[in-house]
Amino acid sequence: MHFLSFYSTFVSQMSKVIYNKYDKKRIGALPLVTFPGRIVVVLTEHEAEKAVRYLLSQPIIGVDTETRPSFKKGQMRQVALLQVSSRDVCFLFRLNQLGLSPSVKQLLEDATVPKIGLSLRDDLHSLHALGDFEPGRFIDLQDHVREIGIEDMSLQKLYANFFGQKISKRQQLSNWEADVLNDKQKAYAATDAWACIMIYEELMRLEQSHDYELTIIQEDNERDSAA
């Protein structure tokens with residue numbers, strides 16, 4: 001085998017294959033991933049102070065929110081949960097009980113620690129409904145995955161694309177205003193926040209190393225054109 005051909009084959013085998021569009025049908029067969037760390041529910045301002053102190057000592061954190069779904073037309077609910085995770089610990093701030101407390105506001109306005117999320121405009125809009133604050137250092141994954149050619153914007157598809165694992169969405173429409181969150185809700189919320197860190201760090205690695213191959217999927221476009 002010619003050296004250049006061998007080298008090209010070797011590089012191809014070593015590179016990560018990612019897709020501009022990830023087939024949702026493939027996700028069901030993937031192994032399930034859940035947050036592997038400790039989950040702490042935050043109900044009071046005293047607990048929030050300790051949580052924020054820890055989170056702002058971390059090099060990077062992931063953020064997400066949950067709102068109780070409304071099944072009545074025109075009915076809007078306020079955001080009920082803010083989940084913020086380091087690589088090892090995720091804090092679930094019960095905003096429906098805590099509100100936009102001073103510590104929560106401090107966390108949201110912090111300009112030092114990068115806070116990674118997905119579709120952050122929606123999250124910040126919901127949080128602003130609880131009170132005024134000036135958003136600090138937030139990084140939206142949707143603004144960066146396009147840089148390497150990925151078109152899918154959902155967290156589940158992004159995680160499957162990067163890691164070949166499935167994030168369950170079964171708890172998404174559960175009651176986030178319940179008096180006590182169950183273990184499945186806690187795991188779901190923590191996984192979403194933590195996954196933002198994992199995706200961002202892998203994205204940064206791929207951008208720096210160029211150790212990936214982008215596979216272009218055009219079936220959807222062709223199907224749309226034929227319709």
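**Notebook: aromatic rings**

I began with Phe 162, which is buried, with a relative accessible area of 3%. I note that the model I consulted is a predicted one.

I next looked up how many aromatic pairs the structure holds, and the count is seven. One of them joins Tyr 159 and Phe 163, with 4.6 Å from centre to centre and 40° between the planes, a tilted arrangement.

I then asked where these two residues sit along the chain. Tyr 159 and Phe 163 both belong to helix 7 (residues 155–163), and because they are four residues apart there, about one helical turn separates them.

I checked whether each partner is buried or exposed. Tyr 159 has 2% relative accessibility and therefore counts as buried. Phe 163 stands at 27% relative accessibility, so I entered Phe 163 as partly exposed. I also recorded that Phe 163 pairs with Phe 162: the ring centres are 6.3 Å apart and the planes lie at 50°, so this pair is tilted.

I looked up which residues make up the aromatic cluster. Phe 35, Tyr 159, Phe 162, Phe 163 and Trp 194 form one cluster. Two of its members, Tyr 159 at 2% and Phe 162 at 3%, I had already entered as buried.

My last entry concerns a charge over a ring. Lys 115 is placed over the face of Phe 138, and I noted a distance of 5.8 Å from the ring centre.

Conventions. Residues are numbered from 1 along each chain as its sequence is written. This is a predicted model: local features need pLDDT of at least 70, side-chain atom pairs count only at pLDDT 80 or more; totals for chains, interfaces and linings use all residues. Side-chain values use heavy atoms; hydrogens and water are left out. Rings of Phe, Tyr and Trp (its six-membered ring) pair if their centres lie within 6.5 Å; planes under 30 degrees apart count as stacked, over 60 as edge-to-face and the rest as tilted. Helices (H or I, at least four residues) and strands (E, at least two) are DSSP runs, numbered from the N terminus. Buried means under 20% relative accessible area, exposed over 50%, partly exposed in between (1.4 Å probe, protein chains only). A charge sits over a ring if NZ of Lys or CZ of Arg is within 6 Å of the ring centre and within 35 degrees of the ring normal.
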